[in-house]
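Walk me through this structure, one feature at a time. Start from a single residue and move on to the helix pairs, the cysteines and the backbone.

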Amino acid sequence: MRAWEAPSVPDVGGTGPRPVVHDTATGKPVDPTRGDDRAALYVCGITPYDATHLGHAATYLAFDTLGRAWRDAGLDVEYAQNTTDVDDPLLERATRDGIDWQELAASQIDLFRRDMEALRILPPDDYVAVTDEVERIAEAVAFLQETGYAYSVPTPDSVGDDLYFDVNRPTESWALGDESRMDRETMLALCAERGGDPDRAGKRDPLDPLLWRAARAGEPRWETVLGEGRPGWHIECSVIAGDRLGLPISVQGGGSDLVFPHHEMSAGHAAALAHQPLAHAYVHTGMIAYQGEKISKSLGNLVTVRGLLDDGADPRAIRLALLSHRYSDDWEWFDAELSSAIRRLAAWDSWATAGAGHADDADDVIARIRARVADDLDTPGAVAAVDTAVAGGTRCTPELVDLVDALLGIRIA
Ligand code: 5CA
Ligand code: ZN
């Protein structure tokens, strides 16, 4: 599927350090490329049923920064992202609003593309709609069934059986709890909250996730090797990541609400399919709140990128406001975030236009920004390095302007 238009990224002289990122699975900082000159990134995409909110924007911006830092370090980056364009929340929203689910998805994906373009987020090389991959996913599930990782649960009102993944069947590269490091009670609670069905009768373990949902009356369906139905959630990301990037990938990314069950189960499916870990590192962004609660489509406390742009916000200021927080922190959005970013940007712009000060320090500032971004994407540190240069009388050289553009995605002047 078409992604969105790529922003220009200037060529900057020299190279930055290799980025190190925090891996949720081990709790440690790692170089997820393991010294390789290729980096493979998969980031879980949107479920397209409502406008892009600041939480989504912050998450995609964090992985955009990682991609920029890898490129700056001289690596080849391959990036794939899905869009969950068939799933319960999308179907429920379409039914509620009396619109066709495919039209809803198409319009929201379009809006997402425009928001990503406005924010100058680098597009994935492969932007993959789940509805285009159903046959491939069904084949993978059929393979899991043949190899004993999937089992069926009878479904009285449907044309076939649902298929579930057996989390207790051993694989050499995955054990339940490895990626998320959670206890069983927490896992059960999170499953119930995040799309799982721990109480479904007939499962071997309440934690077993759905791999394939047999067709129900009125629901979208595809005719596949498994009969008619549609895929479960976690398997889509395992199959798309493996097919498009090859396993193990360097980083599996998303918000911290995907740690469990989504990334844990995706890793389990990958291990069962390919006897490989899904990723060398699982990297998670913090949750952004608004009005005291995590911003979420289901809660309705949305601050959308579109809304801010329609109110006249400079997209660079939205970007700078988000970059001023550490990607892994949970934080709350206040309207003052934007006004403070606008002020900072004005200071940076007039600094760049003035062209005064000592040019000798510019190389130190470049090195400092590179070091901060490579250190677990410390963008607040990088922003502070620019602030210090602005306040300290460093001259803004063309190289500095390019470096800020290449790493932070903001063109000043
Ligand atoms: N389609 C699935 C992933 S396969 C999904 O989670 N879609 S989503 O639209 O619900 O979320 C898209 C991305 O935004 C996910 O990585 C999610 O973790 C992240 N996200 C959602 N809400 C927030 C928030 N309030 N703050 C930060 N990131 C968020
Ligand atoms: Zn995903």
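**From one alanine to the helix crossings**

Alanine 94 has a relative accessibility of 3%, which is under 20%, so this residue counts as buried. The model is a predicted one. Alanine 94 sits in helix 2, which covers residues 88-97. Which residues does alanine 94 contact, leaving aside neighbours within four places in sequence? They are Ile99, Asp100, Trp101 and Leu104. Threonine 285 is another matter: 191 residues separate alanine 94 from threonine 285 in sequence, and their C-alpha atoms are 28 Å apart in space.

Turn next to helix 6 and helix 7. Helix 6 spans residues 233-245 and helix 7 spans residues 259-274. Their axes come within 8 Å and cross at roughly 55°. An angle of 55° falls outside the ranges for roughly parallel, perpendicular and antiparallel, so helix 6 and helix 7 are oblique to each other. The crossing of these two helices is right-handed. Helix 6 brings Trp233, His234, Ile235, Cys237, Ser238 and Val239 to the contact. Helix 7 answers with Pro261, His262, Met265, Ser266, His269, Ala270 and Leu273. By class, the residues of this contact are eight nonpolar, five polar and no charged.

Two of the residues just named deserve a second look. The one from helix 6 is Cys237. Is cysteine 237 buried or exposed? Its relative accessibility is 1%, under the 20% limit, and therefore cysteine 237 counts as buried. Cysteine 396 also counts as buried, because its value is 7%. How many disulfides does a search of the whole structure find? The search finds zero.

The one from helix 7 is Pro261. Proline 261 lies within helix 7, and the peptide bond that leads into it from phenylalanine 260 is cis, with omega near 0°. A cis bond also joins leucine 247 to proline 248, with omega near -10°. Where is proline 248 placed? It is in the loop between helix 6 and strand 11, the strand of residues 249-255.

Now compare a second helix pair. Helix 9 runs over residues 315-323 and helix 10 over residues 335-354. Their axes come within 8 Å and cross at roughly 110°. That angle lies in the range 65 to 115 degrees, so helix 9 is roughly perpendicular to helix 10. From helix 9, the contact takes in Arg316, Ala317, Ile318, Leu320 and Ala321. From helix 10 come Glu337, Leu338, Ala341, Ile342, Arg344, Leu345, Trp348 and Asp349. The contact of helix 9 with helix 10 has nine nonpolar, no polar and four charged residues. The contact of helix 6 with helix 7, by contrast, has five polar and no charged.

Two backbone details remain. Arginine 181 is not a glycine, yet its phi is positive, near 55°. Arginine 181 occupies the loop between strand 7 (162-165) and helix 5 (184-193). With a relative accessibility of 54%, over the 50% limit, arginine 181 counts as exposed. Histidine 275 has a positive phi too, of about 50°, and is likewise not a glycine. Its place is the loop between helix 7 and strand 12 (279-285). How does histidine 275 count by accessibility? Its relative accessible area is 40%, between the limits of 20% and 50%, so histidine 275 is partly exposed.

Note on methods: Residues are numbered from 1 along each chain as its sequence is written. Chains are lettered from A and ligands numbered from 1 in the order in which they are written. This is a predicted model: local features need pLDDT of at least 70, side-chain atom pairs count only at pLDDT 80 or more; totals for chains, interfaces and linings use all residues. Side-chain values use heavy atoms; hydrogens and water are left out. Axes are lines fitted to C-alpha atoms, for helices over the stretch in contact, and angles run from 0 to 180 degrees between N-to-C directions. Helices (H or I, at least four residues) and strands (E, at least two) are DSSP runs, numbered from the N terminus. Angles under 35 degrees count as roughly parallel, over 145 as roughly antiparallel, 65 to 115 as roughly perpendicular and the rest as oblique. A crossing is left-handed if the near helix is turned anticlockwise from the far one by less than a right angle, and right-handed if clockwise. Contact means heavy atoms within 4.5 Å. Ala, Val, Leu, Ile, Met, Phe, Trp, Tyr, Cys and Pro count as nonpolar, Asp, Glu, Lys and Arg as charged, and the others, Gly among them, as polar. A disulfide is a pair of cysteine sulfur atoms within 2.5 Å. Buried means under 20% relative accessible area, exposed over 50%, partly exposed in between (1.4 Å probe, protein chains only).
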